[in-house]
Amino acid sequence: MIPFLGGIIALLLLFILWQALRLREHGRQLQYIRTKLNGIMASGSQERLLLFNSDPALQQLLGTLNDLLNVNHKGAVERVRLEQSMRHMLANISHDLKTPLTVVLGYIETLLQDHDLPAGEREAMLRTIHAKAQEVIALMNRFFDLAKLESGDKEIPLTRVELGELCRRNILSFYELLSTGGSDVQIEIPDEPLYIMGNEEALDRVLGNLLSNAITYGGDGGVLGLKLFQKDDKVYVEVWDKGKGIAEGHQDKIFERLYTLEDSRNRDYQGSGLGLTITKRLTEQMNGSITLTSKPYVKTVFTLSFRRLEF
C-alpha cells in the first residue's frame, strides 16, 4: 500500500513540476511577445513575431497579433502616403491661387500708381483682372464641388440616358476648337441607341473634362478620338489622343486630387489637378468606372464603363 501511495505522490510531484516548468515557459514566451511587440511598434519595422510552440492557444494569439501588425503597417504606409498627398495638394493650391492673384495685385498697383495710364491700357488691365478673378472663383467652385462629392453631400439623381446623342453633342461642342487647331477628329458612335442609368449634367461634365484634357495635353499628337461601343452587358466610352501621354510612373496617381504633371506647371499646360478627380468621383456616383492606358506618342485612352440598360 505504502509503495503505491509513494508512486502516486511521485507522479503528482512530477505533474506539478511539469506544470510549473510549462507556466514558466509560457511566461518567458509572453515576455518575449511583449518585448518584441514594443520593439516593433517603437521602430515601425516590418518584423513579425516568431514563436515555435505547440500550444494552440499561443499560436492563435501569435497569429492574431501578426494580423494586427500587418493592419498597423498598412495604416502607417497609408498615413505616409496621405501626408505626402496633402503636402503636394497644399503646394498646388498655393500655386494655383497665387498665380492669378499675383497678376491681379500687380495690375491693381499699376492702376493705383499710374494716373496717366492711357484708357486703352487701363481697360485691358481691368479685363485681365476680371478674367483672373474668374479663374480664382472657378477654382474655388471646383474645390467645393469635389468636397461635396467626397462627403456625399452632392446627390446625383440617375435617369435613363442615351449615350450616343450625348457623345455627339459633346464632341460637337469642341469641334470648332479642334478644327482651328488642325487636329484630326475620329468619331465612332453606333446608330443603335445605347442606354445607361446616368445623369446628363454629370456626364456632360465628365466628357467635357476628358475632351478638354485630351486637347490640352494630347493636342501635339494631331488626332483626337471618341468611341462609343458595347461589350456584353457594359457600355464603354473611350476618349483618346496620340500626344505625349502619361508616363507609367504617373498613371496610378492621375486621378488623385490636385495631382498634376510637371508640364501642367508651365504656361502652356496650366491646370488645377481637380478635373480628373472630379471626373472619377462623378463616374463612380453613376455606378461607373474610369481607367487609363497610355503609351506616349502612341495612344492615350481614358475609358468610361457603365452597365447597359436593356430597355
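## Overall layout

Helices and strands here are DSSP runs, counted from the N terminus, with at least four residues for a helix and at least two for a strand. On that basis this predicted model has seven helices and seven strands. Reading from the N terminus, they come in the order α-α-α-β-α-β-β-α-β-β-α-α-β-β.

The protein has 311 residues, and 34% of them are buried. Among contacts with a separation of 6 or more, 67% join residues that sit 24 or more positions apart.

## How far to trust it

The mean pLDDT for the protein is 79, and 77% of the residues reach at least 70. Element by element, strand 5 gets the highest mean, 95, while helix 1 (residues 2-43) gets the lowest, 68.

One stretch to handle with care is residues 261-272, where pLDDT stays under 50. The model does give that stretch 26 contacts beyond four places in sequence. Still, low-pLDDT coordinates should not be read in detail.

## The main nonpolar core

The largest nonpolar core takes in 41 residues, and the members touching the most others are Leu163, Leu203, Leu210, Leu228, Val237, Phe302 and Leu304. Quite a few elements chip in with two or more residues each: helices 3 (119-151), 4 (163-180), 5 (200-218) and 7 (275-285), plus strands 4 (223-231), 5 (234-241), 6 (289-295) and 7 (299-309). Helix 5 gives the largest share, seven residues.

Leu163 is a handy place to start looking around. Setting aside residues up to four places away in sequence, Leu163 touches Leu194, Ile196, Leu203, Leu228, Val235, Val237 and Phe306. Two of those partners, Leu203 and Leu228, are also on the list of core members with the most contacts to other members.

## Strand 7 and its partners

Strand 7 is a good one to trace through the sheet. Nine of its 11 residues are buried, so strand 7 is largely enclosed by the rest of the structure. Strand 7 pairs in the antiparallel sense with strand 5 over eight bridges, with strand 6 over seven bridges, and with strand 3 (residues 195-198) over two bridges.

To find your way along these pairings, pick one bridge from each. Val237 is matched with Leu304 of strand 7, and both of these residues are among the core members that touch the most others. Ser294 has Thr300 of strand 7 as its bridge partner, and Tyr195 has Leu309 of strand 7. The hairpin of strand 6 and strand 7 has three residues between the strands, and one residue in this hairpin, Tyr297, takes a positive phi near 60 degrees.

## Aromatic rings and charges

A search of the whole structure turns up one aromatic pair. That pair is Phe229 and Tyr236: their ring centres are 5.2 Å apart and their planes meet at 20 degrees, so the pair counts as stacked. Phe229 is partly exposed, at 22% relative accessible area, a little above the 20% under which a residue counts as buried.

Two basic side chains also sit over rings. Arg160 lies over the face of Tyr195, 3.7 Å from the ring centre. Lys299 lies over the face of Trp240, 4.5 Å from the ring centre.

## Helix 7 and the turn after it

Which residues of helix 7 are buried? They are Leu276, Thr277, Ile278, Thr279, Leu282 and Thr283. Residues three or four places apart in an α-helix point the same way, because there are 3.6 residues a turn.

Thr279, in helix 7, is worth a closer look. Thr279 is buried, with a relative accessible area of 0%. Beyond its neighbours within four places in sequence, Thr279 is in contact with Val206, Asn209, Leu210 and Ile290. Leu210 is another of the core members that touch the most others.

Helix 7 is followed by Asn287, which lies in the loop between helix 7 and strand 6. Its phi is positive, near 60 degrees, and Asn287 is exposed, with a relative accessible area of 63%.

## Another positive phi

Asp232 lies in the loop between strand 4 and strand 5. Its phi is near 60 degrees, a positive value in a residue other than glycine. Is Asp232 buried or exposed? Its relative accessibility is 68%, so Asp232 counts as exposed.

Terms used: Residues are numbered from 1 along each chain as its sequence is written. This is a predicted model: local features need pLDDT of at least 70, side-chain atom pairs count only at pLDDT 80 or more; totals for chains, interfaces and linings use all residues. Side-chain values use heavy atoms; hydrogens and water are left out. A nonpolar core is a set of buried Ala, Val, Leu, Ile, Met, Phe, Trp, Tyr and Cys residues joined through side-chain atoms within 4.5 Å. Buried means under 20% relative accessible area, exposed over 50%, partly exposed in between (1.4 Å probe, protein chains only). Contact means heavy atoms within 4.5 Å. Rings of Phe, Tyr and Trp (its six-membered ring) pair if their centres lie within 6.5 Å; planes under 30 degrees apart count as stacked, over 60 as edge-to-face and the rest as tilted. A charge sits over a ring if NZ of Lys or CZ of Arg is within 6 Å of the ring centre and within 35 degrees of the ring normal. Two strands pair if DSSP finds at least two bridges between them. pLDDT is the predictor's confidence in each residue, from 0 to 100.
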